[in-house]
Amino acid sequence: MIGRTLGFYFGRRFLGSVLGIFVGCVFLIMLVDFLEMARRVGERDVDTTTLLLLILYRAPFFTEQLLPFAVLFGAIGTFLTLSRRLELVVARAAGISAWQFIGPAALAAVTLGVLSTAVYNPMSATFKEQANQIEAQIFNRQTGLFSASNSGFWIRQQSVDGQAIIQAAAKADGGRQLSGVTVFVFDPKGVLTERIEARSAKLESGAWILSEARVLTPSIGVQTYDQYVVATNLTPNQVQESLQSETVSFWDLPGAIDAATRVGFGADRYELQYQSLLARPLLLLAMVLIAASVSLRVFRFGGIGQTILGGVAAGFLLYVSTKLAEDLGEAGVVYPVIAAWFPAVVGALMGVLILLHREDG
(Lines give C-alpha, C1' and ligand atoms only; values in the text may rest on other atoms or scores of the structure.)
Protein backbone atom coordinates (compact mmCIF):
# COMPACT_ATOMS: atom_id res chain seq x y z
CA MET A 1 0.00 0.00 0.00
CA ILE A 2 1.35 3.40 -1.00
CA GLY A 3 2.18 5.61 1.96
CA ARG A 4 0.48 8.92 2.67
CA THR A 5 3.66 10.93 2.15
CA LEU A 6 4.46 9.32 -1.20
CA GLY A 7 0.81 9.57 -2.26
CA PHE A 8 0.73 13.28 -1.47
CA TYR A 9 3.99 13.72 -3.36
CA PHE A 10 2.68 12.03 -6.51
CA GLY A 11 -0.63 13.90 -6.25
CA ARG A 12 1.12 17.25 -5.76
CA ARG A 13 3.34 16.67 -8.77
CA PHE A 14 0.30 15.81 -10.87
CA LEU A 15 -1.73 18.82 -9.73
CA GLY A 16 1.24 21.12 -10.31
CA SER A 17 1.63 19.90 -13.89
CA VAL A 18 -2.09 20.11 -14.66
CA LEU A 19 -2.55 23.58 -13.18
CA GLY A 20 0.63 24.85 -14.86
CA ILE A 21 -0.56 23.68 -18.29
CA PHE A 22 -4.09 24.98 -17.67
CA VAL A 23 -2.98 28.43 -16.49
CA GLY A 24 -0.56 28.74 -19.40
CA CYS A 25 -3.33 27.93 -21.88
CA VAL A 26 -5.67 30.38 -20.12
CA PHE A 27 -3.19 33.22 -20.51
CA LEU A 28 -2.59 32.32 -24.15
CA ILE A 29 -6.32 32.28 -24.90
CA MET A 30 -6.83 35.57 -23.04
CA LEU A 31 -4.04 37.17 -25.09
CA VAL A 32 -5.55 36.00 -28.38
CA ASP A 33 -9.03 37.05 -27.25
CA PHE A 34 -7.71 40.47 -26.22
CA LEU A 35 -6.17 41.03 -29.64
CA GLU A 36 -9.34 39.88 -31.40
CA MET A 37 -11.58 42.01 -29.19
CA ALA A 38 -9.32 45.03 -29.66
CA ARG A 39 -9.70 44.57 -33.42
CA ARG A 40 -13.49 44.33 -33.11
CA VAL A 41 -13.70 47.39 -30.90
CA GLY A 42 -11.80 49.42 -33.48
CA GLU A 43 -12.43 53.12 -33.16
CA ARG A 44 -14.99 52.89 -30.38
CA ASP A 45 -14.21 54.81 -27.23
CA VAL A 46 -13.53 51.88 -24.89
CA ASP A 47 -11.01 52.19 -22.09
CA THR A 48 -8.45 49.44 -21.52
CA THR A 49 -9.86 48.57 -18.08
CA THR A 50 -13.28 47.74 -19.52
CA LEU A 51 -11.70 45.69 -22.29
CA LEU A 52 -9.54 43.75 -19.85
CA LEU A 53 -12.55 43.13 -17.62
CA LEU A 54 -14.46 41.79 -20.62
CA ILE A 55 -11.61 39.41 -21.49
CA LEU A 56 -11.42 38.25 -17.88
CA TYR A 57 -15.15 37.50 -17.80
CA ARG A 58 -15.01 35.63 -21.11
CA ALA A 59 -11.99 33.49 -20.19
CA PRO A 60 -13.66 30.86 -17.95
CA PHE A 61 -16.24 30.02 -20.61
CA PHE A 62 -13.61 29.56 -23.32
CA THR A 63 -11.16 27.65 -21.11
CA GLU A 64 -13.61 25.26 -19.46
CA GLN A 65 -13.18 22.80 -22.33
CA LEU A 66 -9.39 22.80 -21.89
CA LEU A 67 -9.41 20.87 -18.63
CA PRO A 68 -9.44 17.34 -20.14
CA PHE A 69 -6.39 18.17 -22.27
CA ALA A 70 -4.64 19.77 -19.30
CA VAL A 71 -5.25 16.59 -17.28
CA LEU A 72 -4.00 14.39 -20.14
CA PHE A 73 -0.80 16.36 -20.78
CA GLY A 74 -0.23 16.95 -17.07
CA ALA A 75 -0.51 13.23 -16.32
CA ILE A 76 1.80 12.27 -19.19
CA GLY A 77 4.35 14.88 -18.09
CA THR A 78 4.17 13.77 -14.46
CA PHE A 79 4.59 10.06 -15.15
CA LEU A 80 7.40 10.66 -17.65
CA THR A 81 9.26 12.90 -15.22
CA LEU A 82 8.93 10.37 -12.42
CA SER A 83 10.15 7.61 -14.73
CA ARG A 84 13.08 9.63 -16.05
CA ARG A 85 14.21 10.48 -12.52
CA LEU A 86 13.90 6.77 -11.58
CA GLU A 87 11.45 7.59 -8.82
CA LEU A 88 8.96 5.07 -10.16
CA VAL A 89 11.73 2.46 -10.41
CA VAL A 90 12.56 2.93 -6.76
CA ALA A 91 8.88 2.79 -5.84
CA ARG A 92 8.46 -0.43 -7.81
CA ALA A 93 11.45 -1.92 -6.04
CA ALA A 94 9.70 -1.12 -2.75
CA GLY A 95 6.72 -3.22 -3.87
CA ILE A 96 4.39 -0.43 -5.02
CA SER A 97 2.33 -1.38 -8.08
CA ALA A 98 1.38 0.81 -11.02
CA TRP A 99 -2.19 0.99 -9.76
CA GLN A 100 -0.92 2.60 -6.58
CA PHE A 101 1.11 5.12 -8.63
CA ILE A 102 -2.02 6.08 -10.50
CA GLY A 103 -4.19 6.30 -7.39
CA PRO A 104 -3.20 9.83 -6.24
CA ALA A 105 -3.42 11.25 -9.78
CA ALA A 106 -6.76 9.52 -10.36
CA LEU A 107 -8.16 10.87 -7.09
CA ALA A 108 -6.90 14.35 -7.93
CA ALA A 109 -8.45 14.15 -11.42
CA VAL A 110 -11.84 13.11 -10.04
CA THR A 111 -11.64 15.93 -7.48
CA LEU A 112 -10.83 18.41 -10.25
CA GLY A 113 -13.78 17.09 -12.23
CA VAL A 114 -16.15 17.57 -9.29
CA LEU A 115 -14.86 21.09 -8.64
CA SER A 116 -15.06 21.90 -12.34
CA THR A 117 -18.70 20.81 -12.46
CA ALA A 118 -19.88 22.21 -9.13
CA VAL A 119 -17.80 25.41 -8.89
CA TYR A 120 -16.02 26.34 -12.11
CA ASN A 121 -19.02 25.84 -14.41
CA PRO A 122 -21.38 28.08 -12.36
CA MET A 123 -18.63 30.70 -12.17
CA SER A 124 -18.13 30.42 -15.93
CA ALA A 125 -21.86 30.88 -16.56
CA THR A 126 -22.04 33.92 -14.26
CA PHE A 127 -18.98 35.55 -15.78
CA LYS A 128 -20.25 34.88 -19.31
CA GLU A 129 -23.50 36.64 -18.46
CA GLN A 130 -21.49 39.63 -17.20
CA ALA A 131 -19.39 39.54 -20.35
CA ASN A 132 -22.54 39.57 -22.50
CA GLN A 133 -23.75 42.69 -20.72
CA ILE A 134 -20.41 44.49 -21.10
CA GLU A 135 -20.20 43.46 -24.75
CA ALA A 136 -23.71 44.76 -25.35
CA GLN A 137 -22.78 48.11 -23.80
CA ILE A 138 -19.59 48.35 -25.88
CA PHE A 139 -21.17 47.58 -29.23
CA ASN A 140 -24.22 49.76 -28.65
CA ARG A 141 -22.24 52.81 -27.55
CA GLN A 142 -21.62 55.61 -30.01
CA THR A 143 -22.67 53.53 -33.01
CA GLY A 144 -25.77 55.48 -33.97
CA LEU A 145 -29.10 53.85 -33.37
CA PHE A 146 -28.19 50.34 -34.44
CA SER A 147 -25.38 47.91 -33.92
CA ALA A 148 -24.23 45.41 -36.50
CA SER A 149 -23.45 41.78 -35.83
CA ASN A 150 -22.07 39.15 -38.14
CA SER A 151 -23.81 36.35 -36.27
CA GLY A 152 -26.02 37.47 -33.39
CA PHE A 153 -29.02 35.60 -32.06
CA TRP A 154 -32.24 34.73 -33.83
CA ILE A 155 -35.73 34.12 -32.41
CA ARG A 156 -38.84 33.10 -34.32
CA GLN A 157 -42.24 33.67 -32.76
CA GLN A 158 -45.95 33.43 -33.54
CA SER A 159 -48.35 35.92 -31.95
CA VAL A 160 -51.79 37.48 -32.50
CA ASP A 161 -50.22 39.84 -35.05
CA GLY A 162 -48.67 37.03 -37.08
CA GLN A 163 -45.14 35.72 -37.36
CA ALA A 164 -42.06 37.70 -36.43
CA ILE A 165 -38.34 37.03 -36.67
CA ILE A 166 -36.14 38.79 -34.15
CA GLN A 167 -32.40 39.25 -34.58
CA ALA A 168 -30.28 40.60 -31.73
CA ALA A 169 -26.59 41.41 -31.47
CA ALA A 170 -26.36 40.56 -27.75
CA LYS A 171 -28.49 39.29 -24.91
CA ALA A 172 -28.61 39.56 -21.14
CA ASP A 173 -30.64 38.25 -18.23
CA GLY A 174 -31.15 34.86 -19.86
CA GLY A 175 -32.56 36.40 -23.06
CA ARG A 176 -35.07 38.69 -21.35
CA GLN A 177 -33.12 41.73 -22.56
CA LEU A 178 -31.75 42.10 -26.08
CA SER A 179 -29.67 44.80 -27.71
CA GLY A 180 -29.02 45.74 -31.32
CA VAL A 181 -32.47 44.43 -32.26
CA THR A 182 -34.01 43.98 -35.70
CA VAL A 183 -37.56 42.63 -36.01
CA PHE A 184 -39.23 41.42 -39.21
CA VAL A 185 -43.02 41.26 -38.80
CA PHE A 186 -45.18 39.23 -41.21
CA ASP A 187 -48.94 39.09 -41.58
CA PRO A 188 -50.85 35.77 -41.43
CA LYS A 189 -50.30 35.32 -45.19
CA GLY A 190 -46.54 35.59 -44.77
CA VAL A 191 -46.15 39.07 -46.27
CA LEU A 192 -43.59 41.36 -44.64
CA THR A 193 -45.45 44.26 -43.02
CA GLU A 194 -42.84 45.93 -40.81
CA ARG A 195 -39.14 46.13 -40.28
CA ILE A 196 -38.27 47.42 -36.84
CA GLU A 197 -34.83 48.43 -35.64
CA ALA A 198 -34.26 49.29 -32.00
CA ARG A 199 -31.44 49.87 -29.60
CA SER A 200 -32.79 47.33 -27.09
CA ALA A 201 -35.77 45.13 -26.29
CA LYS A 202 -37.14 43.90 -22.99
CA LEU A 203 -39.47 40.95 -22.61
CA GLU A 204 -42.60 41.72 -20.61
CA SER A 205 -45.76 39.67 -20.16
CA GLY A 206 -47.09 39.07 -23.68
CA ALA A 207 -44.95 41.70 -25.42
CA TRP A 208 -41.50 42.92 -26.35
CA ILE A 209 -40.90 46.54 -25.28
CA LEU A 210 -38.53 48.09 -27.85
CA SER A 211 -36.59 51.22 -26.94
CA GLU A 212 -35.52 53.90 -29.43
CA ALA A 213 -37.23 52.09 -32.25
CA ARG A 214 -37.41 52.99 -35.91
CA VAL A 215 -40.27 51.35 -37.82
CA LEU A 216 -40.27 50.97 -41.58
CA THR A 217 -43.59 50.09 -43.24
CA PRO A 218 -44.18 49.97 -47.02
CA SER A 219 -47.24 52.27 -46.90
CA ILE A 220 -46.12 54.89 -44.37
CA GLY A 221 -42.34 54.89 -44.53
CA VAL A 222 -40.03 55.41 -41.58
CA GLN A 223 -41.31 56.44 -38.15
CA THR A 224 -39.42 56.72 -34.88
CA TYR A 225 -40.67 55.88 -31.38
CA ASP A 226 -39.17 56.12 -27.93
CA GLN A 227 -40.91 52.86 -27.16
CA TYR A 228 -42.63 50.39 -29.45
CA VAL A 229 -44.55 47.25 -28.51
CA VAL A 230 -44.44 43.96 -30.41
CA ALA A 231 -46.80 41.23 -29.23
CA THR A 232 -45.35 37.83 -28.35
CA ASN A 233 -46.51 34.53 -26.96
CA LEU A 234 -43.02 33.59 -25.76
CA THR A 235 -42.10 33.07 -22.14
CA PRO A 236 -38.63 33.80 -20.74
CA ASN A 237 -37.89 30.07 -20.67
CA GLN A 238 -38.84 29.72 -24.34
CA VAL A 239 -36.67 32.68 -25.28
CA GLN A 240 -33.78 31.21 -23.38
CA GLU A 241 -34.26 27.91 -25.18
CA SER A 242 -34.48 29.66 -28.56
CA LEU A 243 -31.23 31.49 -27.90
CA GLN A 244 -29.51 28.26 -26.89
CA SER A 245 -28.18 30.09 -23.87
CA GLU A 246 -24.71 29.02 -22.78
CA THR A 247 -25.09 30.83 -19.46
CA VAL A 248 -27.15 28.18 -17.65
CA SER A 249 -25.03 26.85 -14.80
CA PHE A 250 -24.89 23.30 -13.52
CA TRP A 251 -27.08 24.06 -10.51
CA ASP A 252 -29.74 25.77 -12.66
CA LEU A 253 -29.94 23.03 -15.28
CA PRO A 254 -32.48 20.79 -13.46
CA GLY A 255 -34.87 23.74 -13.23
CA ALA A 256 -34.25 24.61 -16.89
CA ILE A 257 -34.96 21.01 -17.91
CA ASP A 258 -38.19 20.98 -15.93
CA ALA A 259 -39.31 24.37 -17.28
CA ALA A 260 -38.54 23.44 -20.90
CA THR A 261 -40.47 20.20 -20.51
CA ARG A 262 -43.50 21.89 -18.97
CA VAL A 263 -43.83 24.48 -21.74
CA GLY A 264 -43.47 21.86 -24.46
CA PHE A 265 -39.93 22.70 -25.62
CA GLY A 266 -37.45 19.89 -26.10
CA ALA A 267 -35.12 19.66 -23.11
CA ASP A 268 -32.54 17.42 -24.80
CA ARG A 269 -29.97 20.20 -25.01
CA TYR A 270 -30.19 20.99 -21.32
CA GLU A 271 -30.31 17.31 -20.38
CA LEU A 272 -27.20 16.66 -22.48
CA GLN A 273 -25.34 19.56 -20.89
CA TYR A 274 -26.34 18.39 -17.42
CA GLN A 275 -25.27 14.78 -18.02
CA SER A 276 -22.01 15.91 -19.64
CA LEU A 277 -21.16 17.91 -16.54
CA LEU A 278 -22.01 14.93 -14.34
CA ALA A 279 -19.74 12.73 -16.47
CA ARG A 280 -16.82 15.16 -16.40
CA PRO A 281 -15.05 13.55 -13.37
CA LEU A 282 -15.13 10.19 -15.14
CA LEU A 283 -13.82 11.78 -18.34
CA LEU A 284 -10.86 13.27 -16.45
CA LEU A 285 -10.22 9.89 -14.82
CA ALA A 286 -10.19 8.31 -18.29
CA MET A 287 -7.57 10.86 -19.37
CA VAL A 288 -5.34 9.85 -16.43
CA LEU A 289 -5.72 6.15 -17.25
CA ILE A 290 -4.86 6.77 -20.90
CA ALA A 291 -1.83 8.84 -19.89
CA ALA A 292 -0.67 6.14 -17.49
CA SER A 293 -1.05 3.41 -20.11
CA VAL A 294 1.42 5.15 -22.43
CA SER A 295 3.90 6.74 -20.03
CA LEU A 296 4.57 4.52 -17.02
CA ARG A 297 6.91 2.11 -18.82
CA VAL A 298 8.21 4.10 -21.78
CA PHE A 299 11.78 4.26 -20.59
CA ARG A 300 11.91 0.52 -20.15
CA PHE A 301 10.88 -0.26 -23.71
CA GLY A 302 12.11 2.83 -25.57
CA GLY A 303 10.21 4.57 -28.33
CA ILE A 304 9.28 7.48 -26.08
CA GLY A 305 8.25 9.85 -28.84
CA GLN A 306 5.95 7.42 -30.59
CA THR A 307 4.38 6.28 -27.33
CA ILE A 308 3.69 9.83 -26.19
CA LEU A 309 2.25 10.65 -29.61
CA GLY A 310 -0.01 7.62 -29.29
CA GLY A 311 -1.23 8.79 -25.90
CA VAL A 312 -1.94 12.29 -27.16
CA ALA A 313 -3.76 10.85 -30.18
CA ALA A 314 -5.81 8.54 -27.93
CA GLY A 315 -6.78 11.43 -25.67
CA PHE A 316 -7.65 13.60 -28.64
CA LEU A 317 -9.80 10.85 -30.17
CA LEU A 318 -11.57 10.43 -26.84
CA TYR A 319 -12.29 14.15 -26.71
CA VAL A 320 -13.48 14.22 -30.34
CA SER A 321 -15.71 11.21 -29.75
CA THR A 322 -17.17 13.01 -26.73
CA LYS A 323 -18.04 16.04 -28.86
CA LEU A 324 -19.40 13.83 -31.64
CA ALA A 325 -21.61 11.98 -29.17
CA GLU A 326 -22.83 15.32 -27.77
CA ASP A 327 -23.74 16.49 -31.29
CA LEU A 328 -25.66 13.26 -31.88
CA GLY A 329 -27.41 13.68 -28.54
CA GLU A 330 -28.29 17.31 -29.28
CA ALA A 331 -29.72 16.26 -32.65
CA GLY A 332 -31.89 13.65 -30.94
CA VAL A 333 -30.17 10.70 -32.61
CA VAL A 334 -28.88 9.33 -29.29
CA TYR A 335 -30.37 9.65 -25.82
CA PRO A 336 -28.62 12.46 -23.88
CA VAL A 337 -27.59 10.16 -21.02
CA ILE A 338 -25.93 7.71 -23.42
CA ALA A 339 -24.31 10.49 -25.45
CA ALA A 340 -22.83 12.09 -22.33
CA TRP A 341 -21.61 8.99 -20.49
CA PHE A 342 -20.66 6.53 -23.24
CA PRO A 343 -17.32 8.12 -24.33
CA ALA A 344 -16.13 8.59 -20.74
CA VAL A 345 -17.06 5.03 -19.77
CA VAL A 346 -15.43 3.54 -22.86
CA GLY A 347 -12.28 5.66 -22.40
CA ALA A 348 -11.93 4.62 -18.77
CA LEU A 349 -12.47 0.94 -19.59
CA MET A 350 -9.94 1.09 -22.42
CA GLY A 351 -7.36 2.67 -20.12
CA VAL A 352 -7.95 -0.02 -17.49
CA LEU A 353 -7.72 -2.77 -20.13
CA ILE A 354 -4.39 -1.49 -21.49
CA LEU A 355 -2.96 -1.13 -17.99
CA LEU A 356 -4.08 -4.64 -17.04
CA HIS A 357 -2.42 -6.01 -20.16
CA ARG A 358 0.85 -4.14 -19.63
CA GLU A 359 1.17 -4.43 -15.88
CA ASP A 360 -0.47 -7.74 -15.06
CA GLY A 361 -0.05 -9.58 -18.36
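Glutamate 197 and arginine 195 meet through their side chains, with a polar contact of 2.5 Å between them. This is a predicted model, and that pair is a handy place to start looking around. Glutamate 197 sits in strand 4. The contact also qualifies as a salt bridge, the closest N and O atoms of arginine 195 and glutamate 197 being 2.5 Å apart. What are the relative accessibilities of the two partners? Arginine 195 comes out at 30%, so it counts as partly exposed. Glutamate 197 has a relative accessible area of 13%, and because buried means under 20%, this residue is buried.

**More charged pairs**

Side chains of opposite charge can pair when their charged atoms come close. How many salt bridges are there in this model? The count comes to seven. Three of them are set out here, including the one just described.

| Arginine | Glutamate | Closest N and O atoms |
|---|---|---|
| Arginine 195 | Glutamate 197 | 2.5 Å |
| Arginine 280 | Glutamate 64 | 2.9 Å |
| Arginine 199 | Glutamate 212 | 3.3 Å |

Take the arginine 199 pair next. Arginine 199 belongs to strand 4 (residues 192-204) and glutamate 212 to strand 5 (residues 207-217), so their salt bridge ties together parts that are 13 residues apart in sequence. Are these two residues buried, exposed or partly exposed? Arginine 199 has 24% relative accessibility, so it counts as partly exposed. Glutamate 212, at 39%, counts as partly exposed too.

Glutamate 212 has one more thing to show: its phi is near 50°, a positive value in a residue other than glycine. As background, most residues other than glycine have a negative phi.

Now for arginine 280 and glutamate 64. Their side chains are joined by a polar contact of 2.9 Å, and the two residues also form a salt bridge. Where does each one sit? Arginine 280 is in helix 8, while glutamate 64 is in the loop between helix 2 and helix 3; the pair links distant parts of the chain, 216 residues apart. Both arginine 280 and glutamate 64 are buried. For the arginine, the number behind that is 10% relative accessibility, so arginine 280 counts as buried.

**The nonpolar cores**

In soluble globular proteins, nonpolar side chains tend to be buried together. Here, the largest nonpolar core has 45 residues, and Phe14, Val71, Ile102 and Val288 are those with the most contacts inside it. Which helices supply at least two residues each to this core? They are helix 1 (4-41), helix 2 (48-63), helix 3 (67-84), helix 5 (98-139), helix 8 (268-295), helix 10 (304-330) and helix 11. There is also a second, separate core of 19 residues, with Ile166, Leu178, Leu203 and Leu210 among them.

**A walk along helix 1**

Helix 1 deserves a look of its own. With 38 residues at 1.5 Å a residue, helix 1 should span 56 Å; its end C-alpha atoms are 53 Å apart, which agrees. Which residues of helix 1 are buried? The list runs Gly7, Phe10, Gly11, Phe14, Val18, Phe22, Val26, Met30, Asp33, Met37 and Val41. You may recognise Phe14, already named for its contacts inside the largest nonpolar core.

Arginine 12 also lies in helix 1. Its relative accessible area is 53%, and because exposed means over 50%, arginine 12 is exposed. From C-alpha to C-alpha, arginine 12 is 9.9 Å from threonine 78 in space, though the two are 66 residues apart in sequence. Just after helix 1 comes glycine 42, with a positive phi of about 60°.

**A nonpolar patch on the surface**

To finish, go over to the surface. Which residues make the nonpolar patch there? Tyr335, Ile338, Phe342, Val346, Met350, Leu353 and Ile354 make a patch of about 710 Å². One of them, valine 346, is found in helix 11 (residues 336-360). Valine 346 has 33% relative accessibility, so it counts as partly exposed. Helix 11 thus turns up twice in this tour: it holds a residue of the surface patch, and it supplies at least two residues of the largest nonpolar core.

Note on methods:
Residues numbered from 1 in each chain as written. Predicted model: local features only at pLDDT ≥ 70, side-chain atom pairs only at ≥ 80, totals over all residues. Heavy atoms only, no water. Patch = residues over 30% accessible without salt bridge, like charges linked within 9 Å, V, L, I, M, F, W, Y side chains within 5 Å. Areas by Shrake-Rupley, 256 points an atom, 1.4 Å probe, with all protein chains shown as cover. Salt bridge = Lys/Arg side-chain N within 4 Å of Asp/Glu carboxyl O. Helix = DSSP H or I, 4+ residues; strand = E, 2+ residues; numbered from the N terminus. Buried < 20%, exposed > 50% of the residue type's maximum accessible area, 1.4 Å probe, protein only. Core = buried A, V, L, I, M, F, W, Y, C linked by side-chain atoms within 4.5 Å. Expected span 1.5 Å × (residues − 1). Polar contact = N/O pair within 3.5 Å; in protein donor to acceptor, adjacent residues only side chain to side chain.
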